[in-house]
Amino acid sequence: MREDIVNKANRAFLDLFWQITETEIEKRNAAIKKLLKYLSADRKDKLKLISYTLDRLTKGLRSSVAASKSGFTCALISVLENESSISTDNLLMFLDKNVFSFKTNDHKERFATNMAKIDSLLILQKSGRLRDLGLDHHKKIVASITNLSDTESCMISMQSVLPQVVPYLDKNTIGLYGDLITKIWSTASKIDEPSAVQLLFVLRLQNFPQVMSIVKNLPKIQIGDKSIIKRVVGAVRSCLQTSDGQTAAELVGHFGESPTFKRLWDRISVPIEKPEMPISQRLQVLRLALSLVPKLQTEAQIKTVVTPNLLLFLRKQLSSQKLASHEDICRCLNRLLQHLKTSQPDELALVGSNNDCRFPTPSIGATQAAQIFTVVASQLPLFDAAVTPKSPQLVSTLLECASTALSDDYLYEWSSQLQKLFLSPKDDSSSTSAVDRTRLHILDLLRQVAFIFIARSSEAVIDSIEEILAFLLLVANNNAFPLGSAEPAVTAVVASASLTHLGRCLGLMVRGVSLRAEMKDSSLRSKSSKETLRMLLRVMNHLVETDEKVCTNDGEDLLQCLKTAGQLLATALESTANADSLLSCWISLLHAVTVIYAVTLHSNPPSPKESVLLTLIDDISEALKHRNSDASVPMETDLDEASNYEAAPEWSSVFTDAMLSLCVEPWRLLREVIAATFGRMVSHRELFAPPLAPEEAFAVGGKPHKQKDEGKTVSPLQLIISIADNRSNAAQERVVLAGKDDGDDDEDEEEDGNDDSSDNESESEGEQDESGDEEMIDLGAGENDDESVEDIPEATDADDFLTDEQMDAQDEALAAIFRATQSSKLEARSRKDTIALLKLRSFDFLECIVLYSCDANLFLPSLYTILQLAIASARRNSKHEPKGSRKQSPGCVQLARILATLNQLRARSSASNDLLYKSLSGSDESVALLSAFLTAVFATFKNAVPDEGLIKCLHIVCEFLQFKKVASPEDSRTPSKVVQSVVQDVLTEFLSKPHPSRTHQSLLKRLLSTSPAVAKSAAGLLAERLAKAATSESPEGIYSQTALLHLANAVTVGLAKQSDVVREWTLPFAKTLVSAYFSGKVSAGWTQSRVLASAVFSALIGCIKADKTVVSVESTTILISPGEHLEPLSSEQLKTVRELNKLVHR
């Protein structure tokens, strides 16, 4: 059988059986999954493969290697569970052949075979085949294993296997095993010191009436009897000495509901309670406790095991990686936590009822985690604060697992306790770092509790959310308004972390309000989003009120902003039911978030950054005021034509400008709220979008976008594009770079946009840094002349050396100059980083427009800019990747990010696509704009790097603009027709050049092969060019011929998706190929080019695959009969001809 499988080249299948024997469990499990997948596939030889699998796995049961035997056992059980076609008789045949009837003289192999006989019974039960066995089969199994009962090792295995099998036997079958059960039970009851396995055998079976009917006169183990404690303790200690902690844990777990459980555990856990005991014994008890805890069913039982001394000893083991037992204890704790995450109720488990109001969820794993959590949290709530970073986080993980089982009241009480611990942390060490570490851990736990409350999203938890987030806000404000009740004082690191956690909590609520759900107002998810929005507004209002109380004695400007924010939020809360007011709600949210952020930066006197934020806050409130008052009134501009547009006028430009300024701030919540707000501006069509001429919308020939004219208002889109475009200086102007730095940065940006040379780019940046540094040094010296250099005493003529006073004065002056220079360097670097960040953030705005816009004047320019960024990113990648050490230039959007954004075009709603389709085809101007867009894009891609990701970007765009799912009339003004027309123009230009663009070639191949409509429109042009090439006396170059054939083959692939038109193309194309390359009159020189020959044969094979009637053409018979013209072909080309011959005759 094996030889047949090997002959069929199933080497990978055979290797799976070797991988099943790996020592690592993960590798064994992966091999078993591959085996199951291999057997589940439809194959002609599936029966042979299954027979070989059963033969190989049943033989593996006799392995004496523990890992191999475990792997074969698990694999056999999995195969039997998944493959219902395997009959029980077939399975028993292989078991009888390879296990029960197997004979050997080798002692080691005979012992492994005997153990396999016992394990076979367990395999039959776990695979569900035990119920299919008849009485004869059971008799044979009983006879085989009964003969082994005199062997001690086999008896131990029976004591473990039989309790797992006997409960599943019916009353007629269980009697066959009566003698064996009675013998084992009698042995366990007679000896004074039974082993743990013997005690477990009795404990597992004594609750089944069918078993007790067999062993009538044998005593049961009374778990409430004090006399049993000594025997159990002795058995447990024997297991611990042999490192069999799982068996010991199962034995002790049976006494969990016994009144003697506490006394039993007190005797077992003596080493834990006495630090002077040997460390090895203490570790044994700790491992036992970690294995025992998941088997306990009530909080009282867990509290008996998990004592403060045990937690302290566990934390000590986790707090130092130098301890020899550290990794072992980490593994034990990880097993416990993993069990809680994946715990499923056992079929035979008797789980007691739990009426505790904190545990309303019936999930076994969540209930167990909640019970353990409450015990640990009541004794050591800050357990994780002292452990190493790589150690398991016990409290945090338990809280995560028990999130659905803990009640609102309990979580509220525990969070209040954490807040008190934060204000007065109890730490043995008085160092600031220890206190900060404790406080940082408390903040993370509070964040987890807030996440749980937010996930529940009900009115009952809003007050709890408000209290937790208000506490985080007070800590975040510590730099501006110190917490007087905190002892010791809160440091800047802790305050910054608190602001981060506050942003994460609010960000979770922001993401809970789905924009796509709002666009589908009738959906259930939309209702949930509105409820989350109301909760978010209420929480933000509470945070604003909290800041108002803090700023009462200081910060009048901030106090006024907070009052305005409170009024806006109150108005927003009243209007959440109105769909037209949703944008106002989000603008009010952004206003409030910005005010809260400004409070955290407050200083006296106000810093420049705080002043800028106050200005932006005023801009946001004014924009909202104008938006709500009258959308047709511009905001203090000279734009007289604003009333001609139906879209929202000037206020959106001011608001977009403010959002662009805020998006570079380091608080992530600001960016999330900005993205949500701007997305709703676009989807609600309230973004100012004046009609653009094609020459304004798209830069042709590599020229930058035109700068704004004085006296005219710049639209939000123009502002965003000017920042994103590497050829524009708008980003530098916003960050206010002055002097020589401006000129140097401008040169760098031009080099980034054109990418003439990466080396020149790096050199220019280096020159910029050096020149900037020199200028900063000069400025620093000038600024300090009056303060320091002027007071230096002059040296007298009588003294050639400086005095001590003069030396000290000069040292101080030089130190001041160095400090000023260093500060200037840091400021220059910060400005450059801000410019790069602003360019990256501007892409987020473009992404929102592309995904949610329904206006051609917004959609097409944004899409064009994104494609420009993709070209620049691909060009940089092509220059930087070979060197390996060069990183992506700052401010450059990664090509993968752009591709991910364009892929989301397919997820746009059908309603949005319908509106965009109407906008693109509604007028001659919009059609001209689309045509200009496509022309500009193809012209830009002409000299682009032929990167696969870049080509895919443009392909996605062209495919989307065809609007295949939108019903469109047969009109030349439809976007699909415009795309086809532009592709034809590009194809015509491509075919007219002797060395066409490789990027265009790859792009055209992809378009023609994936779009039948585009392929059909290009078929005529390519057929004409092929016919001309076939009749021309002067053949074209190899590159041109190859490109032409590739495009023609792409047309064949594209038309093959429409069987009604493919024949009109393939028959003439095949005739043209044969006459051009295989006719006896044609020179065979083309066969000397491997690339051209491959293109010719690929085109022919493509024709035959697309249309089988091609083989009936008389002119193709030349391909299947070797002739003189085939003699110059190489061996590889002749092999291709033979494959073509097989395809023709198939």
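The chain folds into 51 helices and 0 strands, where helices (H or I, at least four residues) and strands (E, at least two) are DSSP runs numbered from the N terminus. The model is predicted: local features need pLDDT of at least 70, side-chain atom pairs count only at pLDDT 80 or more, and totals for chains, interfaces and linings use all residues. Residues are numbered from 1 along each chain as its sequence is written, and side-chain values use heavy atoms, with hydrogens and water left out.

Confidence is given as pLDDT, the predictor's score for each residue from 0 to 100. The chain averages 79, and 79% of the residues score at least 70. Two stretches with pLDDT under 50 are tabulated with their contacts (heavy atoms within 4.5 Å).

| Stretch | pLDDT | Contacts in the model |
|---|---|---|
| residues 700–711 | under 50 | 14 contacts beyond four places in sequence |
| residues 880–887 | below 50 | 11 contacts beyond near neighbours in sequence |

Of the contacts in the chain with a separation of 6 or more, 73% join residues 24 or more positions apart. Buried residues (under 20% relative accessible area, 1.4 Å probe, protein chains only) make up 52% of the 1146 residues.

Helix α4 comprises the 15 residues 46–60, and its end C-alpha atoms lie 21 Å apart, in agreement with the expected 21 Å at 1.5 Å a residue; that expected span is 1.5 Å times one less than the number of residues. Among the buried residues of α4 are L49, Y52, D55 and R56.

Methods. Buried means under 20% relative accessible area, exposed over 50%, partly exposed in between (1.4 Å probe, protein chains only).
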